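Student: I'd like to go through a structure with you. Can we start?

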There are 2 protein chains.
Amino acid sequence: MPSTKPPKGTKDLLPTAARQRQAIVDVIERAYQAHGFEPLATPSIERLDALLGKYGDEGDQLIFRIMKRGANLARALGKDPINQGALADLGLRYDLTVPLARVAAEHQNELPKHFKRYQIQQVWRADRPAKGRFREFSQCDVDIVGCASLGADAEVLSAAATALRELGFKDAIFHTNHRDVLFGLIEAAGIDASLEGSTLVAVDKLDKIGWDGVTKELTERGLNDTQIAALRGMLETDGKQSNDAVLDRLERDLASSQRGAKGVAELRQLLALCAHSPAADYIHISPFLARGLSYYTGPIFEVKTPQLAGSIAAGGRYDRLVGMFLGRDVPAVGFSLGLERLEFVMDALGITPQVGPAVDVCVATFGDLGHATMLASKLRQAGLRVDLHAEDTRLGKQFKYAQQRGVSLVAFAGSNEAAEGNAVLKNLATGQQETLALDGLVEAIRAQLGQEQA
Amino acid sequence: MPSTKPPKGTKDLLPTAARQRQAIVDVIERAYQAHGFEPLATPSIERLDALLGKYGDEGDQLIFRIMKRGANLARALGKDPINQGALADLGLRYDLTVPLARVAAEHQNELPKHFKRYQIQQVWRADRPAKGRFREFSQCDVDIVGCASLGADAEVLSAAATALRELGFKDAIFHTNHRDVLFGLIEAAGIDASLEGSTLVAVDKLDKIGWDGVTKELTERGLNDTQIAALRGMLETDGKQSNDAVLDRLERDLASSQRGAKGVAELRQLLALCAHSPAADYIHISPFLARGLSYYTGPIFEVKTPQLAGSIAAGGRYDRLVGMFLGRDVPAVGFSLGLERLEFVMDALGITPQVGPAVDVCVATFGDLGHATMLASKLRQAGLRVDLHAEDTRLGKQFKYAQQRGVSLVAFAGSNEAAEGNAVLKNLATGQQETLALDGLVEAIRAQLGQEQA
């Protein structure tokens, strides 16, 4: 017999968890809609060539590949030697940003000049599962395509910050940096541009492995002691400086780098644009933040909370990704919340939304299933959420079933009540029970539900 | 450059389409919730061994298979000869019923005795795309696990019928039959039980290929003329008989078959249980309906409309599917609406839900981006859905952008207005424009939105 567990790195959401997730998604959607974003949905599967080469080598390895089918598969298997890459033609979506870039390129002439879309869908990565990290997980993305202004960066920051604020996140930190600041650091430290990538990968681990670890890694990657000391001098901080103080220092340190100075100026402008938005409370300039994804070109963001080692959200500007589908660049910036990670932290903080019973009243079957179905239909017509216990078992068992579903009210009619056009309404919480004409039943149910909520 | 089209058999939902779909899903969810169902979500990927052998040979061929990764893939490719089946370990979900059966088996001790769940998620089939038929599509399922009573069948019928009624489907037909009636027909026609499967496959095509086509196919499959004539005698109908008349005739024709008679009796009972539900208007007893999926054991349903050759919904009782995961049978019955097919027919009928603008007011940038972001934040705090045009281009261009997004109201402040704490509110539909104190702005926007809706 096959296993009844979901595959490694995935999970089933039973009703309460599914309803709690829906409550969280509702909050996020409202925040995104308040910022003028509209929904987009793209297929879960993409052509492999649309996915490959967008996420760096490591990303390419983590894409779930879907095998070719029928004759195409036979052909690929018939080759000697077999080309592994030719066995698959499709892949599961790795993020929601690349599909957006594809859609923006495909529909460039129909979309508004600034395309503001949100997208809440699943993505898949064949990663090692860990706390809050799944192989199938949901991203809640908000992006603006077609706007080069830093005002767009401020918009997505505001949308993401509003969502987190409304969900109850108080101590989230939006670590913020800029690709040009990172480049400026490399330049100012006298490190060759060819070593930029490997240097940033090492620096990005600073909060995990500390300066000793980073120094060791940088040495291995070919940096000399002078360069490492220069980098450290620019990046070391007590973490208590104000954003303005950090920017002032970076401005001095990166004065010799034109790109670095531009990055600092943009971060300063971005901070000013966020002054009146909910993002103001969360933003923290973090010069050593280097996002792994290779497609970022401007400001970059990563949101952390004390409850989880990994980030719960991330984003940035990626002005060259749409160009990979279109042949000419289109500016774009976005933010992505990781739903499962939000859920993990909310659970740890005890701020998961509570959901009430899914049912207003249960109808029990008491001798005549036909009469019970009629009663249930009548109550549904009145707009109530009604569960019908469709088996004529002992009433006591049916009451237990209602309680198991979190429902206090049970309606039923024996042959006497049915003959007189009445029904019995029992409140399992209070033990009260009354016989009512069918016309008065709905009103009585509404009244008792109102008392429950009060 | 990679193609910007979505993969074959899939589609992107641009904002209006995505919002229309959400409106449809909301109606379906409300109908399901009114019947006491709660949501479940399962992973898109399942272990291949959970999927294979549940949908018949043809179904197995249509499952999208996900390649093994890393060392496991290398091992599978290193074998000589290569075992195709060993190259993949996971598959994309083919329907929502098998995952439900897996979940019901896994959580048998935690779930209510009658587990009433709905599930609105995507499924994938490597089928030939056609009108309303996609390779990635969405099913809206409603099932009851753990209840053997026909009342459960009536419940899922009522839930599905309510959803279709609320969506505006007037001429849908719920073709209804019973596996035991089909078996009875085979028995009463003197056909060997071993030919049941192939006979039913042929009979199921009756409305596509007519009696001539069916006769030809049955002959090829080994039935003799007497058997075919007997079948035809029992099945031929002018399509105008009442459900009761069809059942009366079946009762006579199948009197010699114990299982057949039981099937007829159950259909009669089911009809009676639906008398007061929205399903009453839709149900049509169709003795030649034979659903393709092999897991059905009792009543079976297929919903058709004149606008589409294929069915828009289907369902039935499958009392042995959970047992394939659990080792002991658990009764279950369910219904599934095909979302893309509903959308196709609703489009043809002109009953697709209309959605209004996604934004209440646009804020234009007029010289000072910082002031515009402040204005947008203020309006959002008041609960409005606000788009900020974050580029300081000509106002006329910004008005055009707002109109492109379907928004009539634009707010902005030049340096004079900003200095005096005012803003301009322009109505692009009426051409009216007024200068207001910030405090009065929200009220004025609300008033004009109210007029628009009226």
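Tutor: Below we take up confidence, overall shape, the pairing of the chains, one loop residue and one helix.

Student: What kind of model is this, and how is it numbered?

Tutor: It is a predicted model: local features need pLDDT of at least 70, side-chain atom pairs count only at pLDDT 80 or more, and totals for chains, interfaces and linings use all residues. Residues are numbered from 1 along each chain as its sequence is written, while chains are lettered from A and ligands numbered from 1 in the order in which they are written.

Student: What pLDDT does chain A average?

Tutor: It averages 94, and 99% of the residues score at least 70. pLDDT is the predictor's confidence in each residue, from 0 to 100. The model as a whole scores ipTM 0.95 and pTM 0.96.

Student: How many helices and strands in chain A?

Tutor: Chain A has 18 helices and 16 strands. Both are DSSP runs numbered from the N terminus: helices are H or I with at least four residues, strands are E with at least two.

Student: Why is chain A called more spread out than a compact globule?

Tutor: Its radius of gyration is 29 Å, well over the 22 Å that the globule rule gives for 454 residues, so chain A is more spread out than a compact globule. The radius is taken over C-alpha atoms, and the rule is 2.2 Å times the number of residues to the power 0.38. The C-alpha trace spans about 95 × 65 × 45 Å along the principal axes.

Student: How much of chain A is buried?

Tutor: Of its 454 residues, 49% count as buried. Buried takes 20 or more other C-beta atoms within 10 Å of a residue's own, exposed 12 or fewer, partly exposed in between, with C-beta atoms placed from the backbone.

Student: New topic. What turn lays chain A on chain B?

Tutor: A turn of 180°, with a shift of 0.0 Å along the axis and an RMSD of 0.1 Å. That is the relation of a two-fold axis. In chain A, the C-alpha nearest the axis belongs to I66(A), 2.2 Å from it. Copies are superposed by least squares on the C-alpha atoms of residues with pLDDT of at least 70 in both.

Student: And how many residues are in contact?

Tutor: 87 residues of chain A contact 87 residues of chain B. Contact means C-beta atoms, placed from the backbone, within 7 Å. The chain A side divides into 41 nonpolar, 25 polar and 21 charged residues. Ala, Val, Leu, Ile, Met, Phe, Trp, Tyr, Cys and Pro count as nonpolar, Asp, Glu, Lys and Arg as charged, and the others, Gly among them, as polar.

Student: Where does V407(A) lie?

Tutor: In the loop between α16 (395-404) and β14 (409-412) of chain A.

Student: Buried or exposed?

Tutor: V407(A) is buried, because 22 other C-beta atoms lie within 10 Å. Not counting residues up to four places away in sequence, V407(A) touches P357(A), V359(A), V361(A), C362(A), D387(A) and A402(A). C362(A) is 45 residues apart from V407(A) along the chain, yet their C-alpha atoms are separated by 7.1 Å.

Student: Last one. Which residues of α10 in chain A are buried?

Tutor: In α10 (residues 225-235), I228(A), L231(A) and M234(A) are buried. They cover an arc of only 130° around the axis, which puts them on the same side of α10(A). The arc is that of the directions from the helix axis to the C-beta atoms.

Student: What covers them?

Tutor: The cover includes α7 (179-188), α9 (206-220) and α11 (243-253) of chain A. On the other side of α10(A), D225(A), T226(A) and G233(A) are exposed.

Conventions: Two residues are in contact if their C-beta atoms, placed from the backbone, lie within 7 Å.
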